[in-house]
Amino acid sequence: QTLDRISPKVLYTPNTTTTRDIIEKANITFSTIDDVLQWLEMIDNCSTYFANQNPPDSDVVKQFRAALNSPLVSGLSGIDNDTLSTLNTLLKPNSPNNIWNLTKELHMYVELIEEVANLVDWNVYYPVDTEDEMTTISLDTDLQKKLGITTVFAGIVFNEDIDDDPLYNVTIKIRMNSTYVHDTSIVKERVWYPGPEEELWKRRYLTGGFIFLQDMIERASLEEIVGHRVATPGGYIHEMPYPCYNDDLFLVGTQWLLPLTMSLGWMLSVAMIVRAVIREKE
C-alpha cells in the first residue's frame with residue numbers, strides 16, 4: 001500500500017526578494033533534513049559500490065587480509081589486537097558481521113528512512129502575491145489540490161515596505177486556524193479565576209506550533225537585517241509565577257467548607273435571637 005505525499009504549506013506574502021531571502025533562512029531547519037537524506041544516499045551508494053566491486057573472494061580483499069595478518073605490517077602500523085580482530089571479522093567471508101552483510105543492512109535502513117522521509121514535502125513555505133489570495137487558498141480545498149497542497153498550516157503577512165533599503169524593521173502577522181490557537185474573539189473569559197493555565201487546551205499557542213513558527217521567522221528576519229547568523233534571542237516561554245503546590249487538598253476542602261460553616265453559624269445565631277424575641281413578645 002502506497003501513501004500519498006504529505007505537503008503541508010505555510011503561505012507567505014508579499015512575494016518579493018527580501019521575503020524570499022527571509023523564508024530561505026527560516027526554512028533551514030527543513031532543508032537540513034533534505035541535506036541529511038542526500039548525505040545518507042551518498043554513503044549508501046559509496047558503500048554499495050565498494051561491496052559490488054570487491055566481493056569477498058576478490059584478489060584485492062585476499063591481499064589486504066593477508067597483509068593485515070602479517071606480523072611485519074601489524075608491527076609497523078601499531079594496530080592493537082582488538083582493532084586487528086575487528087578488521088578480520090569485517091573481512092571474513094563467512095562472518096555474519098562482515099562488511100558485505102553490514103552494507104546490505106545499511107542499504108535496507110537507508111531505503112526505509114528515505115521512504116518515510118519522502119512522504120513529506122520539506123519545502124513547507126509557499127509564496128502568494130496578496131493576503132486576499134492567501135485567504136482564498138486557505139479556504140478553498142479544491143484549489144489546494146490543484147496546487148498540490150495537502151493542507152495550509154498557517155499564513156505569514158509581511159509589511160508592504162519590506163523591500164526598502166536599508167532594511168531596519170520587519171513587521172509580521174501570523175494567521176492560523178482557530179483550532180490550532182486560541183479564538184481571538186474573547187480576550188478574557190467571563191468567569192475568570194486566578195491560577196496557572198495548566199489545562200492542555202489553554203496552551204494551544206505552544207502545542208499548535210504558533211510559537212515555533214514565530215521563532216523561526218523572527219530569527220530569519222534578524223539574520224536578514226544584521227547580515228549574519230543569529231543564535232539569540234529566540235522565542236522563550238515563561239509561565240507566570242505561581243505557588244508550586246497549587247493542588248492543596250486542605251485548601252480545596254476549606255474553600256467550600258468554611259463559607260458553608262460560617263453561613264450555618266450565622267443562620268443559627270440569627271434563628272436563636274429571633275426565637276428569643278418572639279417568646280418575649282408573646
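In this predicted model, the second largest pocket has a volume of about 320 Å³. Its lining is formed by 13 residues, and among these Ser138, Val152, Arg175, Met176 and Asn177 lie nearest the centre of the pocket. Three elements each give two or more residues to this lining, namely α7 (131–139), β3 (151–158) and β4 (172–176), and the largest share, 5 residues, comes from β3. Sorted by class, the lining of the second largest pocket holds 7 nonpolar residues, 5 polar residues and 1 charged residue.

From the pocket we can turn to the early part of the sequence, where the peptide bond from Thr13 to Pro14 is cis, with omega near -5 degrees. Pro14 has its place in the loop between β1 (8–13) and α1, and the helix on the far side of that loop, α1, covers residues 17–26.

Two packed helices are described by the angle between their axes and the distance between the axes. Helix α1 packs with helix α10 (residues 210–226) at an angle of about 120 degrees, and the axes of the two helices are 8 Å apart. Angles over 145 degrees count as roughly antiparallel and those from 65 to 115 as roughly perpendicular, and α1 and α10 are therefore oblique to each other. The crossing in which α1 passes α10 is right-handed. On the side of α1 the residues that meet the partner helix are Thr18, Asp21, Ile22, Ile23, Lys25 and Ala26, while α10 brings Met216, Ile217, Ala220, Ser221, Glu223 and Glu224. By class, this contact of α1 with α10 has 6 nonpolar, 2 polar and 4 charged residues.

Another helix pair is made by α2 (residues 28–53) and α6 (residues 99–117), which pack at an angle of about 150 degrees with their axes 10 Å apart. Since angles over 145 degrees count as roughly antiparallel, α2 and α6 are therefore roughly antiparallel to each other, and α2 passes α6 in a left-handed crossing. From α2, the residues making the contact are Leu37, Leu40, Glu41, Ile43, Asp44, Ser47, Thr48, Phe50 and Ala51, and from α6 they are Ile99, Trp100, Thr103, Leu106, His107, Val110, Ile113, Glu114 and Ala117. Divided by class, the residues of the contact of α2 with α6 are 11 nonpolar, 4 polar and 3 charged.

Key:
Residues numbered from 1 in each chain as written. Predicted model: local features only at pLDDT ≥ 70, side-chain atom pairs only at ≥ 80, totals over all residues. Heavy atoms only, no water. Axes fitted to C-alpha atoms, helices over the stretch in contact; angles between N-to-C directions. Helix = DSSP H or I, 4+ residues; strand = E, 2+ residues; numbered from the N terminus. Parallel < 35°, antiparallel > 145°, perpendicular 65-115°, else oblique. Left-handed = near helix turned anticlockwise from the far one by under 90°. Contact = heavy atoms within 4.5 Å. Nonpolar A, V, L, I, M, F, W, Y, C, P; charged D, E, K, R; others polar. 1 Å grid on protein atoms, 1.4 Å probe; cavity = no way out; pocket = protein on both sides within 12 Å on 5 of 7 lines; lining within 4 Å. Points joined across faces, edges and corners; volume = space filled by probe spheres on them.
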